[in-house]
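Me: I am new to reading protein structures, and I would like to go through one step by step. Could you show it to me and then take my questions?

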Amino acid sequence: AQIRYSIPEELTRGAFVGNIAKDLGTDVGKLAAANLQVLSDSDSQYFSVNVNTGVIMVSERIDREQLCGQNPRCFLHLKLAIENPVEFYRIEVEILDINDNPPAFPSDEVSLRIYELASLGARFPIQPAQDPDVGTNTLQTYHLSANENFNLNVKARTDGGKFPELVLERALDRELRAFHHLVLTAEDGGSPPQSSKTHITIQVLDANDNHPVFDRPSYGARLVENSPLGTLVVKLNATDMDEGPNGDIRYSLSSHNSAALRQIFAIDEQTGEIRVQGNLDFEEATVYEIEVEAKDMGSPTMEEHCSVVVEITDVNDNAPEVILTSFSSSLSEDALPGTVVAVIHVRDRDSGEQGKVQCHVSPDLPFQLRKDYEHQYSLLTSTRLDREHVAYYNVSVSASDLGSPPLSRHTILPITLADVNDNAPQFQQASYEVLVAENNPVGSLLVTVSASDPDSEQNSCLSYSILRTGGTDPGLDPTRYLSIHPTNGHISAKLPFDYEQTTYFQFQVEVSDGGSPSLRNRTLVHVFIVDQNDNAPRVHFPRAGEDSATQFRISPSTAPSALITKVVAIDADSGRNAWLSYHLVEATELGLFSVALRSGEIRITRALQDTDASAHELLVVVRDAGEPPLSTAITLVVLVEEKGPEALLGSEARAPDGGGLPTITVYLIVSLVLISTVSLVGLAVLGVRCL
């Protein structure tokens with residue numbers, strides 16, 4: 001439930017507000033038993049409740065202006081809480097305004113100073129009075145005491161505020177009356193109304209009716225630019241017929257002068273002397289026109305104006321300026337002589353001969369200046385350019401005037417030569433020789449070819465490739481066996497090499513740059529295969545099958561040192577790897593037979609005896625000189641029989657017919673015959689010559 005009460009402010013303590021028991025329709029005894037409590041929303045406890053009677057009373061002084069200010073309505077809120085059961089009741093107490101505050105001016109005395117020549121209708125605001133009450137109790141109107149010169153006008157604002165102002169209705173005359181005394185009354189609308197007064201004193205000021213006069217309408221002066229600070233320009237003179245402050249003159253620069261001019265010239269307000277306080281620059285201004293005003297100290301002030309014309313004389317104080325109208329800092333190295341690099345505009349802010357400018361560049365550079373017309377030059381190339389020789393130029397353009405002494409300025413133009421693809425790549429070697437051991441692992445690095453290109457950026461980006469043609473064998477494609485990294489030139493093997501198949505080959509490598517069009521070059525790579533001991537000796541004679549022995553027959557009467565047979569072996573390797581040696585490793589009787597270390601001839605070392613065995617088994621090992629050495633073994637069976645003629649021929653143990661000569665033996669016999677014939681013919685020819 002919510003109950004509303006209205007009471008005026010400033011009630012005494014204990015004043016009756018309302019009966020809560022009656023308004024709630026509740027028995028007073030029930031409220032006392034229900035433990036009634038009063039809760040306030042504010043920090044102060046303005047009200048209390050008598051639980052025995054149910055009456056709400058004022059417990060503290062209530063000032064509506066302090067609580068709510070200028071708000072038209074003011075409320076205080078309470079909460080009543082009871083127990084068994086718990087219930088809350090909201091009470092709203094409206095505080096009504098009473099006229100307990102009179103209007104009040106900020107000051108009891110107000111002073112105004114008004115010139116006697118003030119125009120009719122002029123308004124002079126007065127500080128308004130303040131009334132903290134609201135509604136009809138607040139400030140309502142103003143009253144002005146009777147007088148001949150002023151009326152009262154009250155301005156009302158939208159928020160209800162009222163502001164008084166005096167309106168001049170009749171001209172003032174200081175000589176007739178120097179002071180006016182008025183009373184302004186502020187009154188509120190209370191019952192009874194309250195009011196307050198302020199006393200207004202108006203002083204009529206004397207009029208300044210004579211203005212200053214200069215002794216001439218304008219002044220002139222001539223100065224050299226860059227004159228020292230403090231140089232006197234001119235001294236002004238003005239007079240005023242008035243006396244006292246109205247005749248006291250002060251000089252100043254008019255507000256019509258620019259801010260820049262005020263920084264250059266200053267005037268003494270007492271003496272009227274104009275002096276230099278800033279930099280005088282002929283190039284910025286040749287003539288300065290200074291507006292000067294002379295004011296008296298009257299009230300109101302009266303003033304007079306005049307102008308001062310200052311002419312500036314030029315001196316050679318400005319160096320020439322070099323302005324790049326057009327400039328390209330990057331120039332192609334194949335630019336033809338006469339190519340325009342920059343268009344230069346020169347100027348000198350001085351005048352006459354001091355403003356004429358001449359330009360030149362160093363003769364040591366491949367550039368020259370061409371004068372297009374007055375104040376403009378073109379920078380041209382004078383010779384062919386080569387970026388690989390000089391990639392960057394700092395061209396110094398010197399400009400000097402014809403003053404005395406002359407002034408000059410130097411401007412650096414940085415010019416970078418842009419690369420043109422005019423250089424083919426060059427290999428570091430005309431050809432490369434590579435030694436590669438056979439049976440090399442796949443992917444092993446064989447050699448690195450390297451080329452360089454003096455061009456830059458993309459024109460120097462090199463790419464390597466192996467040509468399919470131009471090698472040792474026109475039908476051989478080297479890319480089948482080799483690969484090359486396109487950027488670093490690493491050449492690797494794609495397959496292992498075999499010395500027994502190929503001992504040497506060559507191929508061409510081509511390098512191309514990234515220019516457009518691309519430039520190329522080639523080099524030749526010679527590859528020599530180095531033999532490795534990867535082939536064991538192979539017995540060609542006598543031939544024997546796997547797990548078999550070769551049989552030979554000798555006569556029991558074979559003489560000592562007689563050739564029984566010869567083991568012939570061949571090794572597919574070369575050099576030391578093919579250098580063979582023959583060794584008798586096992587024999588039925590070790591001392592009966594011997595094998596020649598290099599030739600492989602097997603001979604009987606002594607005469608056969610009856611006690612010797614009829615069959616002798618020999619194990620001959622053929623070993624090469626490689627590292628590590630490889631070997632092959634052959635088993636020979638020598639039968640001692642009466643069939644001597646077959647001793648040298650031998651027969652295979654498993655061959656049905658052993659009557660034919662081995663092919664190697666035929667070759668040996670033919671070679672021996674040819675060598676003997678050639679020797680005899682040579683001896684015969686030698687003998688004929690001797691005869």
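Reply: Happy to! A useful idea to begin with: a patch is made of residues with over 30% relative accessible area and no salt bridge, and nonpolar side chains are joined into one when they lie within 5 Å. Please keep in mind that this is a predicted model.

Me: Which residues form a nonpolar patch on the surface, and what is their accessible area together?

Reply: The members are Val666, Tyr667, Val670 and Leu674. One of them, Tyr667, sits in helix α5, which covers residues 663-690. Added together, the accessible area of the four is about 390 Å².

Me: Is Tyr667 buried or exposed?

Reply: The cut-off to remember is that exposed means over 50% relative accessible area. Tyr667 has a value of 53%, so the word for Tyr667 is exposed.

Me: Into which domains is the chain divided?

Reply: Along the chain we meet domain 1 (3-96), domain 2 (109-205) and domain 3 (213-313). After these come domain 4 (324-418), domain 5 (426-530) and domain 6 (538-640).

Me: How far apart do the C-alpha centres of domain 3 and domain 6 lie?

Reply: Domain 3 spans 213-313 and domain 6 spans 538-640. The distance between their C-alpha centres is 138 Å.

Me: What kind of aromatic pair do Phe265 and Tyr288 make?

Reply: The count of aromatic pairs comes to 9. In the pair of Phe265 and Tyr288, the ring centres are 5.5 Å apart and the planes are at 70 degrees. Planes over 60 degrees apart count as edge-to-face, so this pair is edge-to-face.

Me: How many residues apart in sequence are the parts that Phe265 and Tyr288 tie together?

Reply: Both residues are buried. Phe265 belongs to strand β20 (residues 265-267), whereas Tyr288 belongs to strand β22 (residues 287-296). Because the two sit in these strands, their pair ties together parts whose separation in sequence is 23 residues.

Me: Which residues do ring pairs link into a cluster?

Reply: Here the links are ring pairs, which need centres within 6.5 Å. The cluster they make consists of Phe497, Phe505 and Phe507.

Me: Why can side chains of opposite charge pair?

Reply: Such side chains can pair when their charged atoms come close. The structure holds 24 salt bridges. Among them is one between Glu273 and Arg275, with an N to O distance of 3.1 Å.

Me: Which parts does the salt bridge between Asp419 and Arg387 tie together?

Reply: The closest N and O atoms of Asp419 and Arg387 are 3.0 Å apart. Asp419 lies in the loop between β31 (408-418) and β32 (426-427), and Arg387 in the loop between β29 (376-381) and β30 (392-401), so the bridge ties together parts that are 32 residues apart in sequence. Both Asp419 and Arg387 are buried. The parts tied together are thus the β31-β32 loop and the β29-β30 loop.

Me: In the salt bridge of Glu510 and Arg522, is Glu510 buried or exposed?

Reply: These two side chains meet at 3.2 Å, N to O. Glu510 lies in strand β39 and Arg522 in strand β40, so the pair ties together parts 12 residues apart in sequence. Arg522 is partly exposed at 48% relative accessibility. Glu510 has 11%, and since buried means under 20%, Glu510 counts as buried.

Me: What is the phi of Glu10?

Reply: Glu10 is found in the loop between β1 (2-8) and β2 (16-19), and a network of salt bridges links Glu10 with Arg61 and Asp63. Glu10 is not a glycine, yet its phi is positive, near 65 degrees.

Me: Where does Asn226 lie?

Reply: Asn226 also has a positive phi, about 65 degrees, although it is not a glycine. Its relative accessible area is 36%, so Asn226 is partly exposed. Its place is the loop between β16 (218-224) and β17 (232-235).

Me: What is omega for the cis peptide bond from Ser191 to Pro192?

Reply: Pro192 lies in the loop between β13 (179-188) and β14 (195-205). The peptide bond from Ser191 to Pro192 is cis, with omega near -5 degrees.

Definitions and conventions. Residues numbered from 1 in each chain as written. Predicted model: local features only at pLDDT ≥ 70, side-chain atom pairs only at ≥ 80, totals over all residues. Heavy atoms only, no water. Domains from an automatic or database assignment. Patch = residues over 30% accessible without salt bridge, like charges linked within 9 Å, V, L, I, M, F, W, Y side chains within 5 Å. Areas by Shrake-Rupley, 256 points an atom, 1.4 Å probe, with all protein chains shown as cover. Helix = DSSP H or I, 4+ residues; strand = E, 2+ residues; numbered from the N terminus. Buried < 20%, exposed > 50% of the residue type's maximum accessible area, 1.4 Å probe, protein only. Phe/Tyr/Trp six-rings, centres within 6.5 Å; stacked < 30°, edge-to-face > 60°.
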